[in-house]
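Work through the exercises below with the model open. Try each task before reading its solution.

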Amino acid sequence: MTESASPEPRWLTSREQDAWYAWRRMFPLVNAEISRDLGTDSNLSEPDYDVLSVLSGTDGTRMRITALAELMQWSRSRLSHHLTRMEQRGLVRREEVAGDGRGAEVVLTDAGLATIREAAPLHVASVRRHLIDLLTPEELDALAGIGENIARRLGVRRKS
């Protein structure tokens with residue numbers, strides 16, 4: 001029996017480490033500030049806001065639950081539990097898809113639409129305060145390009 005040598009790890013260079021640590025510090029800090037504001041300003045969690053904003057931007061303010069789970073990169077079970085909590089608050093409802101006994105859609109209620117309309121301006125102000133307005137136009141372009149590049153390489157395409 002011969003022992004195979006495992007390849008030496010490809011350690012990060014100083015430059016790469018600086019970028020990695022900057023990302024690791026930046027992302028949770030920005031996300032925590034925006035999440036805190038969302039909860040304080042609108043009594044919504046990030047997933048609540050994501051569901052409401054996606055539905056408000058779709059034709060008929062509805063979407064198949066499986067498609068929403070895929071978009072949010074959640075399991076169908078996790079999304080189902082979250083939708084139950086949102087239904088209890090009157091923000092969404094579930095409906096069977098006519099002519100398709102297997103499919104169900106989540107539909108934005110009038111209360112959900114009113115909630116996202118009230119929350120969106122405050123959320124945008126928070127995103128500006130904690131990220132957008134802190135960057136130069138060149139940094140914004142770089143950040144957008146980096147994010148799209150990484151998402152694309154991980155198989156996620158931006159929906160236009």
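The exercises below concern a predicted model.

**Exercise 1. Helix crossing**

Task: Classify the packing of helix α2 against helix α5, and find which residues make the contact.

Solution:
- Locate the helices. Helix α2 covers residues 46-56 and helix α5 covers residues 110-130.
- Take the geometry. Their axes come within 10 Å and cross at roughly 110°.
- Classify. Angles of 65 to 115 degrees count as roughly perpendicular, so α2 is roughly perpendicular to α5.
- List the contact residues. Helix α2 contributes Tyr49, Leu52, Ser53 and Ser56. Helix α5 contributes Gly112, Leu113, Thr115, Ile116, Ala119, Ala120 and His123.
- Sort them by character. Six are nonpolar, five are polar and none is charged.

**Exercise 2. The nonpolar core**

Task: Find which residues of the largest nonpolar core touch the most other members, then list the contacts of Val92.

Solution:
- Start with the core. The largest one holds 22 residues.
- Pick out the best-connected members. Val51, Leu52, Leu79, Leu83 and Val92 touch the most other members.
- Trace the suppliers. At least two residues come from each of α2, α3 (65-72), α4 (76-88), β3 (100-108) and α5.
- Follow Val92. Set aside its neighbours within four places in sequence; Val92 then contacts Val51, Leu52, Leu55, Leu83, Met86, Glu87, Val106, Val107 and Thr109.
- Recall the general tendency. In soluble globular proteins, nonpolar side chains tend to be buried together.

**Exercise 3. An aromatic pair**

Task: Describe the geometry of the pair Trp23 and Phe27, and state how exposed each residue is.

Solution:
- Count. There is one aromatic pair.
- Read the geometry. The ring centres of Trp23 and Phe27 lie 5.1 Å apart, with 25° between the planes.
- Classify. Planes under 30 degrees apart count as stacked, so the Trp23 and Phe27 pair is stacked.
- Relate this to sequence. Trp23 and Phe27 are four residues apart in helix α1, so about one helical turn separates them.
- Check exposure. Trp23 is partly exposed at 41% relative accessibility. Phe27 is partly exposed at 42%.

**Exercise 4. Two distance checks**

Task: Place Met26 and Glu96, give their exposure, and find how far Met26 is from Leu131 and Glu96 from Arg64.

Solution:
- Met26 sits in helix α1 (residues 14-42). Met26 is partly exposed, with a relative accessible area of 32%.
- Met26 and Leu131 are 105 residues apart along the chain, yet their C-alpha atoms are separated by 9.6 Å.
- Glu96 lies in strand β2 (residues 92-97). Exposed means over 50%, so Glu96 at 58% relative accessibility counts as exposed.
- Glu96 and Arg64 are 32 residues apart in sequence and 9.4 Å apart, C-alpha to C-alpha.

Technical notes
Residues are numbered from 1 along each chain as its sequence is written. This is a predicted model: local features need pLDDT of at least 70, side-chain atom pairs count only at pLDDT 80 or more; totals for chains, interfaces and linings use all residues. Side-chain values use heavy atoms; hydrogens and water are left out. Axes are lines fitted to C-alpha atoms, for helices over the stretch in contact, and angles run from 0 to 180 degrees between N-to-C directions. Angles under 35 degrees count as roughly parallel, over 145 as roughly antiparallel, 65 to 115 as roughly perpendicular and the rest as oblique. Contact means heavy atoms within 4.5 Å. Ala, Val, Leu, Ile, Met, Phe, Trp, Tyr, Cys and Pro count as nonpolar, Asp, Glu, Lys and Arg as charged, and the others, Gly among them, as polar. Buried means under 20% relative accessible area, exposed over 50%, partly exposed in between (1.4 Å probe, protein chains only). A nonpolar core is a set of buried Ala, Val, Leu, Ile, Met, Phe, Trp, Tyr and Cys residues joined through side-chain atoms within 4.5 Å. Rings of Phe, Tyr and Trp (its six-membered ring) pair if their centres lie within 6.5 Å; planes under 30 degrees apart count as stacked, over 60 as edge-to-face and the rest as tilted.
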